[in-house]
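Fancy working through a protein structure one small puzzle at a time? Have a look at the picture below, then try each exercise before you read its solution.

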Amino acid sequence: MTKICGVKALPFLALVLVLTVLGEQGQAHPCGSTFFSALIQMIPCRAAVAPFSPIQPSEACCNAVKNLGQPCLCTLVNGPPISGVDRNMALQLPDKCTANFEPCEIMKK
């Protein structure tokens with residue numbers, strides 16, 4: 001099986017495919033107010049929100065953050081856990097990308 005950065009590619013590609021199909025169902029609003037469609041839109045930010053990542057958000061990431069807006073980011077923050085994503089780092093994206101959003105309210109689960 002092909003490996004990408006030490007991770008088996010097939011499960012990752014399957015996840016991307018499933019997320020893409022689910023994301024296409026919520027096209028009325030950029031994130032469709034759903035966790036999966038917001039997650040797809042935020043793929044360019046993955047490196048910047050990995051736990052302990054020193055990587056700053058890329059221009060593509062910041063464009064995604066600004067285009068999607070605060071509701072989409074909050075949808076992700078309050079959704080199910082995302083493997084390899086530090087939610088606290090995700091909450092910092094608007095400041096790092098100079099997007100003027102109100103902070104997300106984290107729902108108690």
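What follows is a set of exercises on this predicted model, each with a worked solution.

**Exercise 1. Find out which elements the chain has and in what order they come.**

Start with the count: the protein chain has six helices and two strands. Next, walk along from the N terminus, and you meet the elements in the order β-β-α-α-α-α-α-α. Now for burial: of the 109 residues in the protein chain, 35% are buried. As for contacts between residues at least 6 apart in sequence, 63% of them join residues at least 24 apart. Last, the surface: the protein chain exposes about 7100 Å², and 62% of that comes from carbon and sulfur atoms.

**Exercise 2. Work out how confident the predictor is, and where its pLDDT is below 50.**

Take the average to begin with: the protein chain has a mean pLDDT of 76, and 67% of the residues score at least 70. Then look at residues 17-28, where the pLDDT is below 50. In the model, this stretch has nine contacts beyond near neighbours in sequence.

**Exercise 3. Count the disulfides, and say which parts of the chain each one joins.**

Two cysteine sulfur atoms count as a disulfide if they are within 2.5 Å. By that rule you get three disulfides.

Step one is Cys 45 with Cys 61, where the S to S distance is 2.0 Å. The angle about the S-S bond is 105°, and this link is right-handed. Cys 45 sits in the loop between helix 2 and helix 3 while Cys 61 belongs to helix 3, so the pair ties together parts that are 16 residues apart in sequence. Both Cys 45 and Cys 61 are buried.

Step two is Cys 62 with Cys 97, at 2.1 Å from S to S. The torsion about their S-S bond is about -75°, so this disulfide is left-handed. It links distant parts of the chain, with Cys 62 in helix 3 and Cys 97 in the segment after helix 6, 35 residues apart. What about burial? The cut-off for buried is under 20% relative accessible area. Cys 62 has 10% relative accessibility, so it counts as buried. Cys 97 has 2%, so it counts as buried too.

Step three is Cys 74 with Cys 104, again a disulfide, with 2.1 Å from S to S. Here the torsion about the S-S bond is about -100°, so the disulfide is left-handed. Distant parts of the chain are linked once more: Cys 74 is in helix 4 (residues 70-77), Cys 104 is in the segment after helix 6, and they are 30 residues apart. Both Cys 74 and Cys 104 are buried.

**Exercise 4. Decide which residues of helix 3 are buried and what covers them.**

List the buried residues of helix 3 and you get Cys 61, Cys 62, Ala 64, Val 65 and Leu 68. These residues cover an arc of only 160° around the axis, which puts them on the same side of helix 3. Turn to the other side of helix 3, and Glu 59 and Asn 67 are exposed. The cover over the buried residues includes helix 2, helix 4 and helix 6.

Now check what comes after the helix: Gly 69 follows helix 3, and its phi is positive, near 85°.

**Exercise 5. Place Ile 43, and find how far its C-alpha atom is from that of Ala 64.**

Ile 43 is in the loop between helix 2 and helix 3. Its relative accessibility is 46%, so Ile 43 counts as partly exposed. Ile 43 and Ala 64 are 21 residues apart along the chain, and their C-alpha atoms are separated by 8.7 Å.

**Exercise 6. Look at Phe 52 and Thr 98: what is the sign of phi in each?**

Take Phe 52 to begin with. Its phi is positive, about 65°, although Phe 52 is not a glycine. You'll find Phe 52 in the loop between helix 2 (35-41) and helix 3 (59-68). With a relative accessible area of 79%, Phe 52 is exposed.

Then go to Thr 98. Its phi is near 50°, also a positive value in a residue other than glycine. Thr 98 is in the segment after helix 6 (93-96). At 61% relative accessibility, Thr 98 counts as exposed.

Technical notes. Residues are numbered from 1 along each chain as its sequence is written. This is a predicted model: local features need pLDDT of at least 70, side-chain atom pairs count only at pLDDT 80 or more; totals for chains, interfaces and linings use all residues. Side-chain values use heavy atoms; hydrogens and water are left out. Helices (H or I, at least four residues) and strands (E, at least two) are DSSP runs, numbered from the N terminus. Buried means under 20% relative accessible area, exposed over 50%, partly exposed in between (1.4 Å probe, protein chains only). pLDDT is the predictor's confidence in each residue, from 0 to 100. Contact means heavy atoms within 4.5 Å. The arc is that of the directions from the helix axis to the C-beta atoms. Accessible areas come from the Shrake-Rupley method with a 1.4 Å probe; for residues, only the protein chains shown count as cover.
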